[in-house]
Amino acid sequence: MNKPKLLLLVLFMVSSLGIFGQDLSITGKVTDENGQPLPGVTIVVSGTARGTITDAEGIYTISAPGSAVLEFSFI
């Protein structure tokens with residue numbers, strides 16, 4: 001592979017790492033089967049201690065990597 005193509009490939013790979021390493025701000029609304037908001041639902045990023053709770057309207061915002069799995073629990 002010639003040098004310009006190799007340099008371009010390396011630059012692409014390095015710039016891609018920054019995109020995948022960033023957290024996303026995820027916002028949603030948790031509702032019951034009738035569409036009513038569920039306040040107090042706990043949302044945790046699987047495998048971490050990072051979490052949040054839904055507000056009185058069932059709305060939450062959490063920061064997580066794009067590949068994260070969110071776990072929801074409600075008592």
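A visitor asks how the terms used for this predicted model are justified, and a guide answers.

Visitor: What makes this model predicted, and how are its residues numbered?
Guide: The record gives it as a predicted model, where local features need pLDDT of at least 70, side-chain atom pairs count only at pLDDT 80 or more, and totals for chains, interfaces and linings use all residues. Residues are numbered from 1 along each chain as its sequence is written, and side-chain values use heavy atoms, with hydrogens and water left out.

Visitor: What helices and strands does the chain have, and what makes a run count as one?
Guide: The chain has one helix and five strands, in the pattern α-β-β-β-β-β along the sequence. Each is a DSSP run, numbered from the N terminus: H or I over at least four residues for a helix, E over at least two for a strand.

Visitor: How do you know that β2 pairs with β5?
Guide: Two strands pair if DSSP finds at least two bridges between them. Strand β2 (residues 42-45) and β5 have four bridges, in the antiparallel sense, so they meet the rule. One partnership is that of Thr42 with Ser73 in β5.

Visitor: What about β2 and β3?
Guide: Three bridges join these antiparallel strands, so the rule of at least two is met here as well. Val44 stands opposite Gly51 in β3. The hairpin of β2 and β3 has five residues between the strands, and Gly47 in it takes a positive phi near 80 degrees.

Visitor: Why are β3 and β5 called edge strands?
Guide: The sheet is open, with three strands in the order β3-β2-β5 and antiparallel pairing. β3 (51-53) and β5 (70-73) each pair on one side only. Neighbouring strands are turned by 20 degrees against each other on average, direction ignored; the angle is taken between lines fitted to C-alpha atoms, on a scale from 0 to 180 degrees between N-to-C directions.

Visitor: Why is the pair of Asp23 and Arg50 called a salt bridge?
Guide: A salt bridge needs a side-chain nitrogen of Lys or Arg within 4 Å of a carboxyl oxygen of Asp or Glu. In this pair the closest N and O atoms are 2.8 Å apart, so the condition is met. Asp23 lies in strand β1 (residues 23-29) and Arg50 in the loop between β2 and β3, so parts 27 residues apart in sequence are tied together. By this rule the count comes to one salt bridge.

Visitor: Why are Asp23 and Arg50 called partly exposed?
Guide: Buried means under 20% relative accessible area and exposed over 50%, with partly exposed in between (1.4 Å probe, protein chains only). Asp23 is at 37% and Arg50 at 36%, so both fall in the middle class. Of the 75 residues of the chain, 16% count as buried.

Visitor: What makes a group of residues a nonpolar core?
Guide: The members must be buried Ala, Val, Leu, Ile, Met, Phe, Trp, Tyr or Cys residues, joined through side-chain atoms within 4.5 Å. The largest such core has eight residues: Val30, Leu38, Val41, Ile43, Val45, Tyr60, Ile62 and Ala64. β2 and β4 (59-65) are the elements giving two or more residues, and β4 has the largest share, three residues.

Visitor: Which face of β2 is covered?
Guide: The covered face holds Ile43 and Val45, while Thr42 and Val44 are on the uncovered one. In a regular strand, side chains alternate between the two faces of the sheet.
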